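Here is a short tour of a two-part structure question: how is each chain put together, and where do the chains touch? Have the viewer open as you read.

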Amino acid sequence: MSGYGGWAGKVLRVDLSTGRIWTEDTIERYKEFLGGTGIGYKVMWDEVPPGTKPYDPENRIVFATGPLAGTSAPSSGRTAITTLWPTCWPIPLVASGHMGGHFAAKLKYAGYDAVIIQGKADRPVWLMIADQKVEILDAHEIWGQGIRAATYAISEIMGRDAVVAAIGQAGENLVPMSNVMNDVSHSAGGIGSVMGSKKLKAIGVVGSGSIRIAGKKEDWGKFIKYHLSLLGASNQQVVPSSPQPWAEYYDPTTRWNASRGHRWGAAAHPVDTGICDPHDMNRIAYRSNTAAFFLGDGVWPHTVRGNGCSSCPIRCHTILKVPSVSAKYGIPAVGQNTCGGLKFGRAFFKKFPDGPRGMTELEACMVGMHLADDLGIWCNYGLLQRDFIKLYYDGVIKKKLGAREFASYSWSKYEKGDPAFLFELLPRIAAKEGELGTAMGLGTGYMLERWNLSEEEWGKDKALGYWKMGHGKHHSSEETGQCGLLINLMYNRDSQCHSHSNFTRNGLPLTLQKKLAAELWGAPEAVDGVGDYKPMHWSKARMAKWSLLRKELHDSLSLCNWMGPWVASPLRERGYRGDDSVESMLYRLATGDDKDREGLDAVAERIFLLHRALTIRGMGTREMRIRHDKIPEWVFSDKSGKPPYTKGTSHLDRNDVHLALDLFYEEMGWDKATGAPTDRTYRKFGLGGVADRLAERDLIPT
Amino acid sequence: MKTPIASKGFCGDEGTRRGDAAAKRAAAAIRERSANSQLISGSEILDLLNAEHLTPLDAGQDIHGFFTQLVDGHEDLHGLSGTGSLWYYSSDHMTEAYAKIMFHQQEGPLRLIAETVRQNASTYRKPVPLDIFTRPPFNLTHDQVLRSLATMTETESYGDIARTTTSASGIYLYCKTHLEADHAAMLAEWLDVGQFENP
């Protein structure tokens with residue numbers, strides 16, 4: 001083991017086919033890829049040959065943390081899970097899912113930076129990690145159980161301090177739209193069935209160690225306080241949603257919804273969230289109530305408190321108490337989740353009897369969380385539900401199901417917005433039961449293929465938000481113009497990048513955002529107002545590159561890209577500036593590796609390049625521009641019929657998008673004609689071996 | 001930079017002492033009220049000074065001079081004036097933006113709503129959801145909001161305030177001086193519906 005801090009030092013390897021368990025030295029093999037997705041892509045490149053399928057024993061599942069996991073760095077609770085993605089259509093390619101909770105920290109305390117699973121067990125098993133003691137144990141008693149029962153059963157064995165990441169019945173049944181979940185509500189979508197294919201029900205971890213910080217204790221403490229001072233609310237929104245005495249600005253649409261009179265009404269002793277002055281470090285956790293943001297003010301009386309991940313003061317999971325669901329649906333009155341998980345149930349319905357943001361919508365959320373977070377169903381960033389609505393109201397479901405199966409669903413309940421309908425639908429998706437259950441569990445691309453529907457048509461519907469390769473948009477052109485578009489083109493699932501949208505949604509007036517943008521990306525033209533988009537500018541390509549590298553950096557360090565980056569702050573005295581060096585300062589202090597911001601960005605670029613190389617190798621073509629970076633038709637259309645870049649529209653111009661791609665590829669050092677990285681670029685970032693292997697397959701631009 | 005208050009404008013030693021004591025007490029009252037996120041009016045301050053026998057002026061002297069010197073002499077104290085009373089706040093406890101909202105609150109629901117919509121449109125180029133006016137710190141009743149909207153449509157001086165309704169039935173107000181109708185409608189739809197589909 002080297003003298004570096006931050007890393008635990010070992011990577012745990014488990015071969016479920018042979019039962020072999022061994023370790024590797026993290027620094028020796030993976031330091032140049034940091035951790036998280038960096039380790040994931042490296043393992044996938046080195047060990048998983050092209051042509052491998054997600055459920056083949058040769059596929060790997062890489063649960064990887066980064067050097068900041070288990071430290072007190074704010075928002076450092078993320079685990080990246082990399083594998084071949086079963087919902088990636090028409091061929092599975094590499095992608096990653098990300099979960100918060102306490103799994104990352106606990107794994108580090110047990111002594112491991114990552115767990116790499118390969119092979120396939122001959123019977124259901126779970127993996128027990130208790131410091132140096134690692135065992136593959138029989139799981140027949142929990143196979144067939146939901147995530148909660150599995151979590152409790154393993155916790156009974158390992159103790160109350162255990163963190164359990166488990167799959168539900170959906171993963172066991174090889175439903176591609178399935179997830180893995182730890183701490184009851186922290187999930188990573190898309191990979192449940194890959195665990196299921198390996199017969200791996202769960203990983204339980206307890207750890208008694210600690211993580212050494214290489215820097216001086218006082219320097220670390222001082223920097224953590226500085227980082228905390230830059231924090232805003234959930235998604236780094238730095239302006240409160242209502243006027244506050246300390247605030248120069250307010251924006252009714254931010255997630256900073258604490259205010260006098262907004263109370264956690266279901267707490268044992270109700271708590272007023274108060275004015276939350278940004279200088280008060282002890283009230284950061286009160287700033288956001290995610291459930292109230294999505295579901296309206298009616299949620300405050302049902303709020304118990306916020307919950308969240310290791311070392312994160314932003315408690316983005318809201319714990320809700322809704323007693324009426326116990327009486328009506330026989331489920332527990334308390335549930336918790338955030339964003340897509342919170343809205344899982346309500347998102348299936350077009351309307352509710354008491355209108356939007358009423359009690360029925362809240363109850364649908366509770367039912368959805370109760371079912372989906374136990375069965376382990378993934379929402380594909382809401383596309384599952386949007387698909388379902390379209391398929392039903394377009395009459396496709398009726399057409400594709402036999403009369404008997406169609407009649408087995410209570411469609412009148414569905415149309416009325418009765419949450420009880422979810423009890424009919426979700427268990428059948430998890431069990432692959434019937435045509436509807438099976439099709440909805442496939443993911444959009446494979447569902448369209450099964451039902452002989454056109455992907456092109458799917459891509460024309462703006463409200464549907466389909467993007468490409470079986471996945472939906474994730475903060476794309478409709479809210480961040482060309483920058484969002486470029487980011488959404490890059491991945492093999494929804495992009496999961498928030499670097500750009502957390503900036504444009506931070507709540508500051510556009511004039512201030514432009515001022516900060518000029519400092520960060522070279523020109524104020526990098527950002528536009530929503531619905532007031534302007535033609536492509538080179539600074540937008542630079543912002544897109546920065547956003548992608550920050551995402552990969554966060555995913556590799558265990559920082560949360562949902563909460564960062566921290567380039568804007570709520571501090572008026574700083575001109576609302578944040579600090580673009582937060583990541584590198586944390587990294588240097590934690591590890592002792594003397595990389596500055598530019599040095600660490602170069603590592604992030606290496607990691608992102610490796611993802612591109614994996615995609616090129618997986619697709620067997622270097623023609624990324626036309627075959628991978630495809631744009632859905634809705635991006636170019638607007639129902640108003642007005643030309644692009646007219647105020648009040650959000651569509652883009654085709655020629656302008658071509659220019660955007662040219663400028664972006666150029667910024668990345670990629671070939672403009674193909675969109676593939678050049679040999680020179682691979683070598684510049686230390687990936688000469690990767691370039692050589694690609695050249696052997698004629699996958700480097702000439 | 002503001003000038004120190006000293007005893008400018010007060011006559012003689014007694015006048016100076018009385019003026020200083022009154023200014024000190026008035027400044028404390030403003031700060032105290034601001035710490036509770038509220039403004040204090042000039043008349044309230046005078047009532048308080050009179051009650052504590054700190055009347056700052058002799059008969060016939062100009063009360064405006066006292067308040068002008070008070071504000072000029074304290075870096076953190078500021079006054080707001082409109083058609084009615086003068087109101088005061090301390091920027092140690094409250095931003096100018098917040099103080100203006102409190103000020104418009106004193107002027108009644110109609111003006112509070114209109115000025116808030118205008119300010120949001122000029123600063124943010126965004127429409128404002130109607131329901132913020134029933135939340136803190138606006139705290140209007142639903143009826144007050146609806147009555148104000150009805151009055152606005154019939155009053156020429158509020159002709160710049162318009163409304164748009166989203167597909168989720170959300171009502172948004174915007175100022176036509178700063179936002180075109182189509183842009184306002186698109187933004188309202190994004191804020192009320194679109195952004196929640198992009199969590």
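The sections below go from the overall form of chain A to its domains, one of its helices, and then chain B.

## Overall form of chain A

Please keep in mind that this is a predicted model. Chain A holds 29 helices and 19 strands. Its C-alpha atoms fit a box of roughly 60 × 60 × 55 Å along the principal axes. For 702 residues, a compact globule would have a radius of gyration near 27 Å, and the 24 Å of chain A agrees with that.

Of the 702 residues in chain A, 62% are buried. Sequence separation adds to the picture: among contacts between residues at least 6 apart in sequence, 66% join residues at least 24 apart.

## Two domains in chain A

The domain assignment of chain A gives domain 1, spanning 10–206, and domain 2, spanning 474–696. Their C-alpha centres are 28 Å apart. Where they meet, 35 residues of domain 1 of chain A are in contact with 30 residues of domain 2 of chain A.

Which elements of domain 1 of chain A each supply at least two residues to the side that touches domain 2 of chain A? They are α2 (36–47) and β5 (94–99) of chain A. The largest share of that side comes from α2(A), with 7 residues. By class, the side of domain 1 of chain A that touches domain 2 of chain A has 18 nonpolar, 14 polar and 3 charged residues.

## A covered helix

Now look at helix α16 of chain A, residues 421–430. This helix is mostly covered, with 7 of its 10 residues buried. The buried residues are A:Phe421, A:Leu422, A:Leu425, A:Leu426, A:Arg428, A:Ile429 and A:Ala430; one of them, A:Arg428, is worth selecting in the viewer.

What do the buried residues of α16(A) pack against? Their partners are α5 (169–172), α11 (359–375), α15 (411–416) and α17 (434–440) of chain A. After α16(A) comes A:Lys432, which has a positive phi near 55°.

## Chain B and its sheet

Chain B is assigned domain 1 (12–100) and domain 2 (108–197), and the C-alpha centres of these two domains of chain B lie 34 Å apart.

Chain B has an open sheet of 3 strands, in the order β1-β3-β2 with antiparallel pairing. Its edge strands are β1 (40–41) and β2 (77–81) of chain B, each pairing on one side only. The antiparallel pairing of β1(B) with strand β3 (residues 86–90) of chain B runs over 2 bridges. B:Ile40 sits opposite B:Tyr88 of β3(B). Helix α3 (residues 63–73) of chain B packs on the sheet and touches β2 and β3 of chain B. The direction of α3(B) makes about 135° with that of β2(B).

## Where the chains touch

The contact between the chains takes 33 residues from chain A and 32 residues from chain B. On the chain B side, the elements giving two or more residues are α4 (96–106), α5 (109–124), β4 (128–129) and α7 (181–192) of chain B.

Which of these gives the most to the side of chain B that touches chain A? The answer is α7(B), with 7 residues. By class, the residues of the side of chain B that touches chain A divide into 18 nonpolar, 9 polar and 5 charged.

Terms used: Residues numbered from 1 in each chain as written. Chains lettered and ligands numbered in written order. Predicted model: local features only at pLDDT ≥ 70, side-chain atom pairs only at ≥ 80, totals over all residues. Helix = DSSP H or I, 4+ residues; strand = E, 2+ residues; numbered from the N terminus. Rg over C-alpha atoms; globule rule 2.2 N^0.38 Å. Buried ≥ 20, exposed ≤ 12 C-beta atoms within 10 Å, placed from the backbone. Contact = placed C-beta atoms within 7 Å. Nonpolar A, V, L, I, M, F, W, Y, C, P; charged D, E, K, R; others polar. Domains from an automatic or database assignment. Pairing = 2+ DSSP bridges. Axes fitted to C-alpha atoms, helices over the stretch in contact; angles between N-to-C directions.
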